[in-house]
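Here are a few exercises to try with the model open in your viewer. Have a go at each one before reading the solution.

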Amino acid sequence: MPYCLKERATYLRELADDPDCDRTTLYNTYIQFKTLNLISSRWQSIYEVYIRPWLQIEERTLTLLDVGCGGGDIALAIAEWVAQDNLSLKITAIDTDIRAINFTNSQSNPHHVEFLNVSTSQLVAQNRSFDFVISNHFLHHLNSNELKDILIESEHLATKMVLFNDIERSALLYYYYAALGLVLEPFFPQSFIWVDGCRSIRRGYTRSELLTIANDHWQVKRLFFSRLLLIYTP
Ligand SMILES: C[S@@+](CC[C@H](N)C(=O)[O-])C[C@H]1O[C@@H](n2cnc3c(N)ncnc32)[C@H](O)[C@@H]1O
């Protein structure tokens, strides 16, 4: 692995995380992540393999929590797949950044998807639970202690399964993404998507780092391409 990717670059901050960043650029980034996530994040197959089978066998409406929802595109995409399958799921999507929640709540959302500005710790304190707890591109935001805490909290919150999906720090992904950015940047105007994507990859965990932090009840699966799915089943 090249020197700049050997260790997690925890000193790098994503431009979107700067509370003073330009609001239009931030909102563009939320919107553009929808396209990028659809192409790269593999959520449709994760939904089909891990979530849909439960919805098909349970008679009651199951619940799902999306942690670090950003612009809310994953929660809304899952709601759409559930509707297409004629099934039901109540979705709560949370983010500790009020700008993300203001953005999501300014869109027209289905009534069974709610966006809240709360943390996982607050939900644990309220004794809340959800059948599924998921996240996308969230783990790399956390240092190893924060990650340990989130894993413990999600073990409390989830009754059926936790599915945390994130990029794996790898040279192949980093150079591929940087090259893609050079070509596609003109099609994603006024956006943090390329700079923050590269920083996210440099902040990402490797499979072995995740396995070291998570306890034995967690598995880490590799997904195409350079993605890791951290799974917990109670
Ligand atoms: C890179 S964004 C991912 C957004 C979205 N899940 C996606 O895939 O497009 C990560 C989000 O996690 C949020 N976040 C960071 N730390 C958090 C925490 N401890 N609890 C909840 N959200 C957090 C950030 O505010 C940010 O919106």
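**Exercise 1: the middle of the sheet**

Strand 4 and strand 5 run parallel to each other, with 6 bridges between them. Bear in mind that this is a predicted model. Work out which residue of strand 5 stands opposite Ile-134, and how the chain gets from strand 4 to strand 5.

*Solution.* Start with the register: Ile-134 faces Leu-163 of strand 5. Now follow the chain, which leaves strand 4, passes through helix 7 and arrives at strand 5. That β-α-β crossover is right-handed.

**Exercise 2: the other neighbour of strand 5**

Find out in which sense strand 5 pairs with strand 7, and name residues that stand opposite each other.

*Solution.* Strand 5 (residues 158-167) and strand 7 (residues 227-232) are antiparallel, joined by 6 bridges. For the register, take Phe-164, which sits across from Leu-230 in strand 7. Then take Asn-165, whose opposite number in strand 7 is Leu-229. As for cover, 7 of the 10 residues of strand 5 are buried, so call this strand mostly covered, taking buried to mean 20 or more other C-beta atoms within 10 Å.

**Exercise 3: the whole sheet**

Write down the strand order, pick out the edges and say which strands helix 7 touches.

*Solution.* Going across, the 7 strands read 3-2-1-4-5-7-6, an open sheet with mixed pairing. Strand 3 (113-116) and strand 6 (218-223) are the edges, each paired on one side only. From one strand to the next, the twist averages 20°. Helix 7 (residues 144-157) packs on this sheet and touches strand 1 (62-67), strand 4 (130-136), strand 5, strand 6 and strand 7. Its direction makes about 145° with that of strand 5.

**Exercise 4: the ligand shell**

Describe the residues around the ligand by class, and name those that come nearest.

*Solution.* Sort by class to get 7 nonpolar, 9 polar and 3 charged residues in the shell. Of the 19 residues around the ligand, the nearest are Gly-68, Gly-70, Asp-97, Asn-136 and His-137. Helices contribute too: helix 2 (23-40) and helix 4 (73-84) each provide at least two shell residues.

**Exercise 5: one leucine**

Is Leu-123 buried or exposed?

*Solution.* Locate Leu-123 in helix 6 (residues 120-125). Leu-123 counts as buried because it has 22 C-beta neighbours inside 10 Å. Leaving aside residues up to four places away in sequence, Leu-123 touches Val-118, Arg-128 and Leu-157. Pro-186 is 63 residues from Leu-123 along the chain, and their C-alpha atoms are separated by 41 Å.

Conventions
Residues numbered from 1 in each chain as written. Predicted model: local features only at pLDDT ≥ 70, side-chain atom pairs only at ≥ 80, totals over all residues. Near = placed C-beta within 6 Å. Helix = DSSP H or I, 4+ residues; strand = E, 2+ residues; numbered from the N terminus. Nonpolar A, V, L, I, M, F, W, Y, C, P; charged D, E, K, R; others polar. Pairing = 2+ DSSP bridges. Axes fitted to C-alpha atoms, helices over the stretch in contact; angles between N-to-C directions. Contact = placed C-beta atoms within 7 Å. Buried ≥ 20, exposed ≤ 12 C-beta atoms within 10 Å, placed from the backbone. Right-handed = clockwise from strand over helix to strand, strands pointing away.
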